[in-house]
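The following paragraphs go through a few local features of one chain, starting from solvent accessibility. Please look at the sequence and the structure first.

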Amino acid sequence: MDCCEEAKLGARRLARCLQKLGFKVRFSAFRVVNVLAVCSMPFAVHLVDFTKNNRPIASYEPELHPAATYRIKNLKATVQVFSTGSLTVTGPNVQSVASAVEHIYPLLYECQKPRCK
């Protein structure tokens, strides 16, 4: 069972629960619009260096949000990079999310923080 089928099954189950609660629910025209993935790098990231190295694409406003935002236009994916090395990736499908992680890993690797002992 692939991801889309699992998502459809989960949505059907949720619709059924809502029906049992008394809501009028009709399940039709199901499609996946967005995929969210979370992963962690095996190292911490220096966000200021990451943003300076990738200036037009990456943005970091620590007063507004604790993560740097990296938008990949051709994949239509957005990656939120936290200083701990945690990533939140949003994209239109699973393939673009996986490609976004593969694309950003080398950029993060060169901006990793040194390990403390």
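A residue counts as buried when its relative accessible area is under 20%, as exposed when it is over 50%, and as partly exposed in between. The model is predicted. Tyr 109 has a relative accessibility of 46% and is therefore partly exposed. Phe 43, with a relative accessible area of 8%, is buried.

These two residues form an aromatic pair. Their ring centres are 5.8 Å apart and the planes meet at 80 degrees, so the pair is edge-to-face; the cut-off for that class is an angle over 60 degrees. Phe 43 sits in the loop between strand E1 (35-40) and H2, whereas Tyr 109 belongs to helix H3 (residues 94-109). With their positions 66 residues apart in the numbering, the pair links distant parts of the chain. Tyr 105 joins Phe 43 and Tyr 109 in one aromatic cluster. The count of aromatic pairs comes to five.

The loop that holds Phe 43 leads to H2, and helix H2 (residues 47-53) contains Thr 51. Is this threonine buried or exposed? Thr 51 has a relative accessible area of 4%, so it is buried. A polar atom of the Thr 51 side chain lies 2.8 Å from the backbone oxygen of Leu 47. Which residues does Thr 51 touch once its neighbours within four places in sequence are left aside? Thr 51 is in contact with Ala 58, Ser 59, Tyr 60 and Ala 68.

How values were computed. Residues are numbered from 1 along each chain as its sequence is written. This is a predicted model: local features need pLDDT of at least 70, side-chain atom pairs count only at pLDDT 80 or more; totals for chains, interfaces and linings use all residues. Side-chain values use heavy atoms; hydrogens and water are left out. Helices (H or I, at least four residues) and strands (E, at least two) are DSSP runs, numbered from the N terminus. Buried means under 20% relative accessible area, exposed over 50%, partly exposed in between (1.4 Å probe, protein chains only). A polar contact is a pair of N or O atoms within 3.5 Å; within protein, one must be able to donate a hydrogen and the other to accept it, and residues adjacent in sequence count only if both atoms are side-chain atoms. Contact means heavy atoms within 4.5 Å. Rings of Phe, Tyr and Trp (its six-membered ring) pair if their centres lie within 6.5 Å; planes under 30 degrees apart count as stacked, over 60 as edge-to-face and the rest as tilted.
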